[in-house]
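Thanks for coming. I have one structure to go through today, so let me put it on the screen.

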Amino acid sequence: MSRITPFLWFHDRAEQAAEFYVSLFPDSRILHTVHAASELPDVEPGQVLVVEFELDGQRIRALNGGPSFTLDEAFSLVVDAPTQEEIDRLWDALIADGGRPSQCGWLRDRFGLSWQIVPPVLNELLADPDPERAARVTAAMLTMGKLDIAALLAAAEG
């Protein structure tokens with residue numbers, strides 16, 4: 001187990017976000033929930049303060065820290081999704097109920113967390129030793145929101 005754990009700051013929906021995330025990935029679970037023992041800025045006694053959870057083996061901690069800081073695209077969780085079916089399932093679930101698609105496989109979920117839903121084949125295609133193939137894949141990727149594996153492979157072939 002790694003000693004390094006991503007730590008996410010939410011205004012007041014850390015528990016809801018963690019519950020949603022663990023519902024999307026196999027081998028995921030809520031590990032521990034800490035309730036505030038006393039009043040803190042933006043957190044009442046008894047309210048959920050910290051939620052520790054595991055997404056497919058990766059530990060993550062989430063804090064209800066109030067409105068002082070917000071999540072942005074400078075930090076994202078990358079999911080290797082090997083099939084189009086998996087890309088579609090995760091993409092649709094994460095942008096539902098207020099999430100926002102972006103480009104090149106990026107999106108922001110309804111809680112404000114940025115994700116990259118990426119097929120592992122993309123890195124292989126972008127690193128192709130033939131620079132023209134890699135350039136075609138890059139150009140195709142730049143036109144996409146949700147990544148399309150068949151279109152990326154077709155672009156590689158020219």
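**Cores, sheet and pocket**

This is a predicted model, and I will start with its largest nonpolar core. That core has 31 residues, and the members that touch the most others are Phe 10, Tyr 21, Phe 53, Leu 55, Leu 94, Trp 115 and Ile 117. Two or more residues come from each of these elements: strands S1 (7-10), S3 (48-55), S4 (58-64), S5 (76-80) and S8 (114-118), plus helices H1 (14-24) and H2 (84-95). Which element gives the most to this core? H1 does, with 7 residues. By domain, at least three residues of this core come from domain 1 (1-69), and at least three from domain 2 (71-157).

Take Phe 53 as a sample member. If we ignore neighbours within four places in sequence, Phe 53 contacts Ala 18, Tyr 21, Val 22, Arg 29, Ile 30, Leu 31, Gln 58, Arg 59, Ile 60 and Ala 62. Apart from the largest core there is another one, of 12 residues, including Val 137, Ala 140, Leu 147 and Leu 152.

Back to helix H1. Its buried residues are Ala 14, Ala 17, Ala 18, Phe 20, Tyr 21, Val 22 and Leu 24. What covers them? The cover includes S1, strand S2 (29-35), S3, S4, H2 and S8. As general background, nonpolar side chains in soluble globular proteins tend to be buried together.

Next, a sheet. Four strands form an open sheet in the order S5-S8-S7-S6, and the pairing is mixed. Why do S5 and strand S6 (100-101) each have one side without a neighbour in the sheet? Both stand at the edges with a single partner strand each, so one side of each is left free of a neighbour there. Further in, strand S7 (residues 106-108) and S8 run antiparallel and are joined by 3 bridges. Arg 108 is opposite Ser 114 of S8.

Last, the largest pocket. Its space is about 200 Å³. The lining consists of Phe 25, Pro 26, Leu 55, Asp 56, Gln 58, Ile 60, Leu 77, Val 78, Val 79, Asp 80 and Trp 115. S4 and S5 each contribute at least two lining residues, and S5 has the largest share, with 4. Two names recur here: Leu 55 and Trp 115 are in the pocket lining, and both are among the core members that touch the most others.

That is the end of my part.

Methods
Residues numbered from 1 in each chain as written. Predicted model: local features only at pLDDT ≥ 70, side-chain atom pairs only at ≥ 80, totals over all residues. Heavy atoms only, no water. Core = buried A, V, L, I, M, F, W, Y, C linked by side-chain atoms within 4.5 Å. Buried < 20%, exposed > 50% of the residue type's maximum accessible area, 1.4 Å probe, protein only. Domains from an automatic or database assignment. Contact = heavy atoms within 4.5 Å. Pairing = 2+ DSSP bridges. 1 Å grid on protein atoms, 1.4 Å probe; cavity = no way out; pocket = protein on both sides within 12 Å on 5 of 7 lines; lining within 4 Å. Points joined across faces, edges and corners; volume = space filled by probe spheres on them.
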